[in-house]
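The following exercises concern a single protein chain and the way its interior is filled. Each task is followed by a solution worked step by step.

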Amino acid sequence: MTGFDITGWGMSVPERIVTSAELAERFGVDEHWVVSRCGIRERRAVDPGQTTVSLAVEAGRRALDKAGLTGADIAHLIVATATPEQPSPATSAFVHHELGIAGSAHDVNSECAGFVYGLVSAMALIAIDPRPILLIGSDTHTLTANPADRDLSILVGDGAGAVVLQPGPENRVKAWNLGADGSCTGSLKVLAGGSRMPATAETVAAGLHYAQINGNEIYLNAVRYTVRTVRETLESAKVDAADVDHVVPHQANIRIINSIMSHTGLRPEALITNLEKYGNTASGSIPIALTEALDAGRIKAGDTVLLAGFGAGMTWGSILMEWGGRAA
């Protein structure tokens, strides 16, 4: 099997900052209550004209520049998103055009686990077609959150992250694991706008185009399934949790992240999180955190890096790799 190295990375977040103090005032609660509930002090929100595609293009362009490539060098583009540019065509088609991608393009919608799903898909694709791949995670969930919904509004932020995979001589992936439980489709949902409930004036009036969340269900399932996928990946790799150098989880909620770290025996020092600054950026959260860690020089060649995510549906996934690509 052909291996791969990650040779480029980049991120894009909107300039507009929405602080927890602003949201606390809007919802009539104390700022400390917001921060203690989710660990988020501020998040980024798109301005009019900014979209899932505009963030994805900016992150993708930065990753290509880092890798010293252009869109013409990319054989396959994968865009992970749960907030597509529009229902049809795929978001990746827009990004494909903007970046001048030479090869194929397709979307992955595994909600907040989308980047891990995309990375495993890219890993399989590069094994049978050893040419460069651009993988982007991009979401704009502030646009799908009902402004009156306190529980969801304090969590979500907008952003995108991207990586370039290039074929390498070694298979540095030690193990991976993906899973789903389709009986959990009710825990986080957008009811209107699909074939089951096409959007109408009535559905819009009822606010059914906004996301609805059952926070307790999400919390319990997120911890349960992420702990399971991390354990299975580590067992498959025959790597002890204490030996993992860096953990980049989906940046959802600090209470969920801390619970996962505690239940899996992963070292607190290994945790990479930027949740406090950006909130839950869904498919963008793992590559944004990865980009910041790489730019800060925190990840070195030869380090073991664990990526783990979960999303609505439920979906989950993890991948453990030895970092072999560029690290600066």
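**Exercise 1. The burial of one helix**

In helix α11, the buried residues are Ser 285, Ile 286, Pro 287, Ile 288, Ala 289, Leu 290, Thr 291, Ala 293 and Leu 294. The model is a predicted one.

Task: Determine how many of the residues of α11 are buried, and which elements its buried residues pack against.

Solution.
Step 1. Of the 11 residues of α11, 9 are buried, and the helix is thus described as mostly covered.
Step 2. The partners of these buried residues are β1, α5, β7, β11, α10 (275-278) and β12.
Step 3. Just after the helix, Gly 297 adopts a positive phi of about 75 degrees.

**Exercise 2. A strand covered on both faces**

Task: Assign the residues of strand β11 (residues 246-249) to its two sides, and identify the strand that β12 residue Leu 306 is bridged to through Val 247.

Solution.
Step 1. In a regular strand, side chains alternate between the two faces of the sheet.
Step 2. In β11, His 246 and Val 248 lie on one side, and Val 247 and Pro 249 lie on the other. The four residues are all buried, and both faces of the strand are covered.
Step 3. β11 and β12 run parallel and are joined by 4 bridges. Leu 306 of β12 is the bridge partner of Val 247, which lies in β11.

**Exercise 3. The nonpolar cores**

Task: Describe the largest nonpolar core, naming the residues with the most contacts inside it and the element that supplies the largest share.

Solution.
Step 1. The largest nonpolar core comprises 33 residues, and Leu 165 and Leu 307 have the most contacts inside it.
Step 2. At least two residues of this core come from each of β1 (3-12), β4 (76-80), α5 (114-128), β6 (133-140), β7 (158-168), α11 (285-295), β12 and β13.
Step 3. The largest share, 8 residues, is supplied by α5.
Step 4. A second, separate core has 21 residues, among them Ala 56, Val 57, Ala 59 and Ala 63.
Step 5. The surroundings of Leu 307 can now be listed. With neighbours within four places in sequence left aside, Leu 307 is in contact with Phe 115, Leu 119, Val 248, Ile 286, Gly 317, Ser 318, Ile 319 and Met 321. Of these contacts, Val 248 is one of the buried residues of β11, and Ile 286 is one of the buried residues of α11.

**Exercise 4. A serine in a helix**

Task: Is Ser 259 buried or exposed? Which residues does Ser 259 touch, not counting those up to four places away in sequence?

Solution.
Step 1. Ser 259 is located in helix α9.
Step 2. The relative accessible area of Ser 259 is 13%. The cut-off for burial is under 20%, so Ser 259 is buried.
Step 3. The residues touched by Ser 259 are Tyr 219 and Val 223.

**Exercise 5. The pockets**

Task: For the two largest pockets, state the volume and the class make-up of the lining.

Solution.
Step 1. The largest pocket has a volume of about 1200 Å³. Its lining consists of 35 residues, and those nearest its centre are Ala 82, Pro 84, Val 190, Ala 192 and Gly 193.
Step 2. By class, this lining has 12 nonpolar, 18 polar and 5 charged residues. β9 gives the most to the lining of the largest pocket, with 3 residues.
Step 3. The second largest pocket has a volume of about 490 Å³. Of its 29 lining residues, Leu 155, Ile 213, Gly 215, Ile 218 and Asn 253 lie nearest its centre.
Step 4. The lining of the second largest pocket divides into 17 nonpolar, 8 polar and 4 charged residues. The largest share of it, 5 residues, comes from α8.

**Exercise 6. The cavities**

Task: How many cavities of 30 Å³ or more does the structure hold, and which element gives the most to the lining of each?

Solution.
Step 1. There are 2 cavities of 30 Å³ or more.
Step 2. The largest cavity contains about 60 Å³ of space. It is lined by 10 residues, of which Phe 4, Ile 6, Met 321, Glu 322 and Gly 324 are the closest to its centre. β1 gives the most to this lining, with 3 residues.
Step 3. The second largest cavity contains about 40 Å³ of space. Its lining is made up of Thr 226, Pro 249, His 250, Ile 256, Ile 257, Ile 260, Ala 308 and Phe 310.
Step 4. α9 gives the most to the lining of the second largest cavity, with 3 residues. By class, that lining has 6 nonpolar, 2 polar and no charged residues.

Methods:
Residues numbered from 1 in each chain as written. Predicted model: local features only at pLDDT ≥ 70, side-chain atom pairs only at ≥ 80, totals over all residues. Heavy atoms only, no water. 1 Å grid on protein atoms, 1.4 Å probe; cavity = no way out; pocket = protein on both sides within 12 Å on 5 of 7 lines; lining within 4 Å. Points joined across faces, edges and corners; volume = space filled by probe spheres on them. Nonpolar A, V, L, I, M, F, W, Y, C, P; charged D, E, K, R; others polar. Buried < 20%, exposed > 50% of the residue type's maximum accessible area, 1.4 Å probe, protein only. Pairing = 2+ DSSP bridges. Core = buried A, V, L, I, M, F, W, Y, C linked by side-chain atoms within 4.5 Å. Contact = heavy atoms within 4.5 Å.
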